[in-house]
Amino acid sequence: MRIVGLTGGISSGKSTVSNLFKSHDIPVVDADVVARAALDKGTGGWRKVVAAFGQEILLENGEVNRPRLGQIVFSDPDKRQLLNRLLAPHISSGIFWEIVKLWMKGHKIIVLDVPLLFEAKMDKFTKPIIVVWVDPETQIQRLMARDRSIEEDARNRVNAQMSLDVKRSKADIIIDNSGSLDDLNEQFQKVLSEVSKPLTWIEFWRSRQGGLTALALVTLGVLLFR
């Protein structure tokens, strides 16, 4: 199995690239979706976060007020790190089981869409690593337009994440999303061709087909030995 790492920054266009993979029938494990599920009412993650941040982050129905929690953690690095520590085990577990499900279905190539791919040290499990990059000013302007936020809030959210220039230096493949959607699509076609190449032998043995082949060979060897 080939696990492709996909990361970027807020308003870099990573989600657009993720959706392009989906449209080409390549399954995507979205860490944001897993993270949202980890905060659902009654889950282990929910209990830890409520215990740490208090009842004031809850809505009347008991669900987490996510915009309120976001305001708290994006303005305070220590609280942001605390939230990440509390949810990290639940998110990692959720991602693992999503990968297992896709492995069981026989998928040979999947995309792991993780905003904090490097920060969470998940990059060591993915190859190649794709970074969707934009210059900082474009990133801030797009974020302000998307969220209708003021520049200070947008800069705080961008600065709360690892710099896209740093992420770019760690990438195997870089998608420059500073241009138009047509430019992005043109780059994506090249990326798609790259990640769709035949599996290496190591990747093959990690796939379900490889596992079944190994099992058949072991069984055959046992029978012949007998």
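The lining of the second largest pocket in this predicted model is a mix: by class, it has 7 nonpolar, 5 charged and just 1 polar residue. That makes up a lining of 13 residues, and the ones lying nearest the pocket's centre are Met1, Arg2, Ile3, Phe125 and Arg206. As for the space inside, the second largest pocket holds about 230 Å³. Three elements, β1 (2-7), α5 and α10 (201-206), each chip in at least two residues of this lining. Of the contributors, α5 gives the most, with 4 residues.

Helix α5 turns up again in a helix pair. When two helices pack together, the usual way to describe them is by the angle between their axes and the distance between those axes. Here, α5 (residues 77-104) packs with α2 (residues 31-38) at an angle of about 125°, and the two axes sit 9 Å apart. Angles of 65 to 115 degrees count as roughly perpendicular and those over 145 as roughly antiparallel, so α2 ends up oblique to α5. The crossing of this pair is right-handed.

So which residues in α2 and α5 meet? On the α2 side there are Ala31, Val34, Ala35 and Ala38, and these meet Leu87, His90, Ile91, Gly94, Ile95 and Glu98 of α5. Sorted by class, the contact between α2 and α5 comes out as 7 nonpolar, 2 polar and 1 charged residues.

Methods: Residues numbered from 1 in each chain as written. Predicted model: local features only at pLDDT ≥ 70, side-chain atom pairs only at ≥ 80, totals over all residues. Heavy atoms only, no water. Axes fitted to C-alpha atoms, helices over the stretch in contact; angles between N-to-C directions. Parallel < 35°, antiparallel > 145°, perpendicular 65-115°, else oblique. Left-handed = near helix turned anticlockwise from the far one by under 90°. Contact = heavy atoms within 4.5 Å. Nonpolar A, V, L, I, M, F, W, Y, C, P; charged D, E, K, R; others polar. 1 Å grid on protein atoms, 1.4 Å probe; cavity = no way out; pocket = protein on both sides within 12 Å on 5 of 7 lines; lining within 4 Å. Points joined across faces, edges and corners; volume = space filled by probe spheres on them.
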